[in-house]
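This report examines a single protein chain, with attention to its pockets, its charged pairs and selected details of its backbone. The sequence and the coordinates are shown below.

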Amino acid sequence: MDSEISRNIKAIFERIDRSARKAQFEPNKIKLVAVSKTKSPSMIKEAYDAGLRDFGENYAQELRDKSNELSDLDINWHFIGHLQKNKAKYIAKSANFWQSLDSFDVASEVNKRLANPIDVLIEVNLGGEASKTGVSESELPQLIENLQTLDKLNVKGLMVVPPYDDDPEKSRPYFKKLNKLAQEFQLKELSMGMTHDFEVAIEEGATIVRVGTRVFGERTK
Ligand SMILES: *Cc1c(COP(=O)(O)O)cnc(C)c1O
């Protein structure tokens, strides 16, 4: 018997496949990151047993604790949340991929504490929402240039969380824009699309989708 999580994952891969083909992209070039914030290590293990290796966490200490608890599994841990400078040590120790870099100051702190280089994405705030994290489009060129001085952070691409709307089509202009920006700076990875809009994101060229609810069910916390 397949578990509910493994059925969910199978259904997501079918959707990824369909959207990628529709847009004439190669489906197996798209990475599914299962967003496991607030979910238990045993649920992560279930998703791992169903074949997933990439997991995303939003809170630095939660990432540290889960990566310690599951250290015998060969998991790529993605940090996708807002990082305060005093938590940089947890990311340097536990993250394999940092998707939400938006401050040179915090990045320097992580860089200083890293033993080995990691890949990073810069989070861009395209909605201009004051409450959101991410750098503005106008700050992006300078940040990319400054990051070249940090030897342990390899900038691979961009990440966006558009303003939430039930209608996934409302996310499309943001995804298009992120794709255009990435091309402008010759960056390859585009992390965009969540449970409600990942299919639109794939049509617009996502290489990484971050899906939580559709993998693990609703979050109660
Ligand atoms: C929580 C979260 C997700 C996953 O959201 P779902 O709607 O549950 O798929 C993806 N990206 C970020 C940055 C998140 O905080």
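In this predicted model, 24 residues line the largest pocket, and those lying nearest its centre are Lys37, Asn58, Ile80, Val161 and Met194. The space in this pocket amounts to about 500 Å³. Its lining is made up of 9 nonpolar, 10 polar and 5 charged residues.

The second largest pocket has a volume of about 250 Å³. It is lined by 14 residues, and Phe25, Lys29, Gly205, Ala206 and Thr207 are the closest to its centre. Here the lining divides into 7 nonpolar, 4 polar and 3 charged residues. Helix H7, which covers residues 172–184, gives the most to this lining, contributing 3 residues.

**Overall architecture**

The protein contains 9 helices and 8 strands. Its C-alpha trace spans about 50 × 40 × 30 Å along the principal axes. A compact globule of 221 residues would have a radius of gyration near 17 Å, and the value of 17 Å found for the protein therefore agrees with that expectation. Buried residues account for 49% of the 221 residues. Among contacts with a separation of 6 or more, 56% are made by residues 24 or more positions apart.

**Salt bridges**

The structure holds 18 salt bridges. Three of them are set out in the table, each with the distance between the closest N and O atoms and the relative accessible area of both partners.

| Acidic residue | Basic residue | Closest N and O atoms |
|---|---|---|
| Aspartate 54, 8% | Lysine 31, 33% | 3.7 Å |
| Glutamate 109, 13% | Arginine 113, 44% | 3.2 Å |
| Glutamate 169, 41% | Arginine 172, 16% | 2.8 Å |

The pair of aspartate 54 and lysine 31, with its closest N and O atoms 3.7 Å apart, links distant parts of the chain: aspartate 54 belongs to strand S2 (residues 54–57) and lysine 31 to strand S1 (residues 31–35), the two being 23 residues apart. Aspartate 54 counts as buried because its relative accessibility is 8%, whereas lysine 31 is partly exposed at 33%.

The bridge between glutamate 109 and arginine 113 lies in helix H5 (residues 104–113), where the two residues are 4 positions apart and so are separated by about one helical turn. Which partner is buried, and which partly exposed? Glutamate 109 is buried, with a relative accessible area of 13%, while arginine 113 is partly exposed at 44%.

In the third pair, the closest N and O atoms of arginine 172 and glutamate 169 are 2.8 Å apart. Arginine 172 counts as buried at 16% relative accessibility, and glutamate 169 is partly exposed with 41%. Both residues also belong to a network of salt bridges that links them with Lys22, Lys176, Glu203 and Glu204.

**Lysine 177 in helix H7**

Lysine 177 is a residue of helix H7, the helix that gives the most to the lining of the second largest pocket. With a relative accessibility of 26%, lysine 177 counts as partly exposed. Once neighbours within four places in sequence are set aside, lysine 177 is in contact with Leu126 and Glu137. Serine 100 lies 77 residues from lysine 177 along the chain, and the C-alpha atoms of the two are separated by 17 Å.

**Residues with positive phi**

Where is threonine 38 found? It occupies the loop between S1 and helix H2 (41–49). Although threonine 38 is not a glycine, its phi is positive, at about 70°. Its relative accessibility of 21% places threonine 38 among the partly exposed residues.

Glutamine 186 is found in the loop between H7 and strand S7 (189–191). This residue, likewise not a glycine, has a positive phi of about 55°. Glutamine 186 counts as exposed because its relative accessibility is 74%, a value over the 50% cut-off that defines that class.

Note on methods:
Residues are numbered from 1 along each chain as its sequence is written. This is a predicted model: local features need pLDDT of at least 70, side-chain atom pairs count only at pLDDT 80 or more; totals for chains, interfaces and linings use all residues. Side-chain values use heavy atoms; hydrogens and water are left out. A salt bridge is a side-chain nitrogen of Lys or Arg within 4 Å of a carboxyl oxygen of Asp or Glu. Buried means under 20% relative accessible area, exposed over 50%, partly exposed in between (1.4 Å probe, protein chains only). On a 1 Å grid over the protein atoms alone, a cavity is a set of points where a 1.4 Å probe fits but cannot get out, and a pocket is an open set with protein on both sides within 12 Å along at least five of seven lines; lining residues have an atom within 4 Å of a point. Grid points are joined across faces, edges and corners, and a volume is the space filled by probe spheres set on the points. Ala, Val, Leu, Ile, Met, Phe, Trp, Tyr, Cys and Pro count as nonpolar, Asp, Glu, Lys and Arg as charged, and the others, Gly among them, as polar. The radius of gyration is taken over C-alpha atoms; the globule rule is 2.2 Å times the number of residues to the power 0.38. Contact means heavy atoms within 4.5 Å.
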